Amino acid sequence: MDAYAEFEQATIAAIATPPGAGGIGIIRVSGPAAPAVLTRLFRPANPAANPASIPSHRLRYGWIVDPAGGHPLDEVMAVYMAAPATYTREEVVEIHGHGGYVVLREILALILAMEGVRAAEPGEFTKRAFLNGRIDLTRAEAVLDLLNAETRQGLNLAVSQLSGGLQQQLSGVRDTLLAILAVLEVAIDFPDEDGEIIDHRQLHRQLVEGVSRPLAELLAGRARGRIFREGAAVVIMGRPNVGKSSLLNALLREERAIVTAIPGTTRDTIEECLNIHGVPVRIVDTAGIRESSEQVEQIGIRRSRSLGERADLVLLLLDAAAGVTAEDLALYESVGEKNLLLVVNKIDLPEVAGEFAAQGTIPWEDSFPGRPLVGISARTGQGLAALEDAVFQALTGSKPRDPGYACVPNARHEAALVKALEGVERVATGLENALAPELLAVEVQSVLGQLGEISGETSTDEVLDAIFSRFCIGK
């Protein structure tokens, strides 16, 4: 790619560990001048060892020495890794020193003062791994997902993509498209025999089974993948004093929100994060919604409604002792078609416990037809496990204990997949109508181009810059 020419002669260096004091700090160097870094700055503890002849992929103990004054800067372990068996497929050196900010900056300054070495840009090491063909773009993006994973499930998705899961799925689709394109190109070369060469019905079947269906399945997993990667916003709404703050505390397993018997205790929103079966959830306790003339409470109510409109899921909390009130129904109607889970609190109270005794039955289901409804006690914890299961299912469309999750596309992949599927539909229609092979071939090549956008084969420099700029420096 053109972008590679820019990097071909440059050697880059950066601190690869997070800022701040730590037990170990790592400086990474990649490019043709990397071995010279060790020759100039590293002094093995064994005086007989030559820093210029350190074996590849072997850690050596020694010191980083300032060549200007000859005084040591840090006691380190150094490793030289010969191309192409490295992260970037270039010559790579890593210096593992003490994790103090000052000492790492001093060592990096010595490296950057050397001829032909410059500071790495964000994500440039991974970008070089992509440009040098070690990984495709989906796997490069998986590195970022791995770094940003907040739960074990998000980590599993990132690892699946890093191991090539998404690219493997797309590879089969691409092979089918290339097979179809080969038939079309033969028909183009022998126009007098295209009726014998092209079996439109067979090609249509190949297209549906090998291209359309797999791409549609990938797109179907996009929403779940976004939830695991980026998390979800869940808002607790309801009338005053139905137990919203108590529910927040119960889910967090700590006394985060103030709970009193006085209606309207919560005037503003309270946000906290928790992990529900691997989904990073930002849960928000809101002010109780009712008619009020008090100015501060009115502001809290408006904020509650605004958050509810933007949430991935609304937990509409009801009071088992009070029954379904006109205010509950009005609030339910105001939520509209929003992703909603009805939660009935206080089912442990003696006056209502009998109604909720039968497991899995809620006596109010007729008031909210077709809506999922869970009974709980925020005070005792009864039903909280079932509520967490229901929240997971409402957010992901699957049960929390379903085995495994396939690799799923991110937003960039989704946009390309949508365009690819649109092209597939045009090819399918063209096959049904026995369109000229030249026109069909153009559409098939367009679909291949969209898949190439995902893997990086046809991505522009602007797209690559946008992706890798999201990485930290040193990765």
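What percentage of the residues of the protein count as buried? In this predicted model, the figure is 49% of 475 residues. The surface that the protein exposes comes to about 22,500 Å², with carbon and sulfur atoms supplying 51% of it.

The secondary structure consists of 18 helices and 13 strands. Contacts across the sequence can be described as well: among those between residues at least 6 apart, 68% join residues at least 24 apart.

One open sheet is built from 6 strands, and its order is β9-β10-β8-β11-β12-β13. The pairing in this sheet is mixed. Its edges are β9 (270–276) and β13 (373–375); each has a single partner strand, so one side of each is left without a neighbour in the sheet. On average, neighbouring strands here are turned by 25° against each other, direction ignored. At the β9 edge, the partner is β10 (residues 279–285), which runs antiparallel to β9 and is joined to it by 7 bridges. Within this pair, cysteine 273 has arginine 282 of β10 as its bridge partner.

Another part of the chain to look at is strand β6 (residues 92–99). Of its 8 residues, 6 are buried, so that the strand is mostly covered. Strand β2 (residues 22–30) runs antiparallel to β6 and is joined to it by 7 bridges. Glycine 25 has glycine 97 in β6 as its bridge partner. Strand β5 (residues 72–81) is also antiparallel to β6, with 5 bridges between them. Here methionine 77 stands opposite histidine 96 in β6. As a general point, the side chains of a regular strand alternate between the two faces of the sheet.

How values were computed: Residues numbered from 1 in each chain as written. Predicted model: local features only at pLDDT ≥ 70, side-chain atom pairs only at ≥ 80, totals over all residues. Heavy atoms only, no water. Helix = DSSP H or I, 4+ residues; strand = E, 2+ residues; numbered from the N terminus. Buried < 20%, exposed > 50% of the residue type's maximum accessible area, 1.4 Å probe, protein only. Contact = heavy atoms within 4.5 Å. Areas by Shrake-Rupley, 256 points an atom, 1.4 Å probe, with all protein chains shown as cover. Pairing = 2+ DSSP bridges. Axes fitted to C-alpha atoms, helices over the stretch in contact; angles between N-to-C directions.
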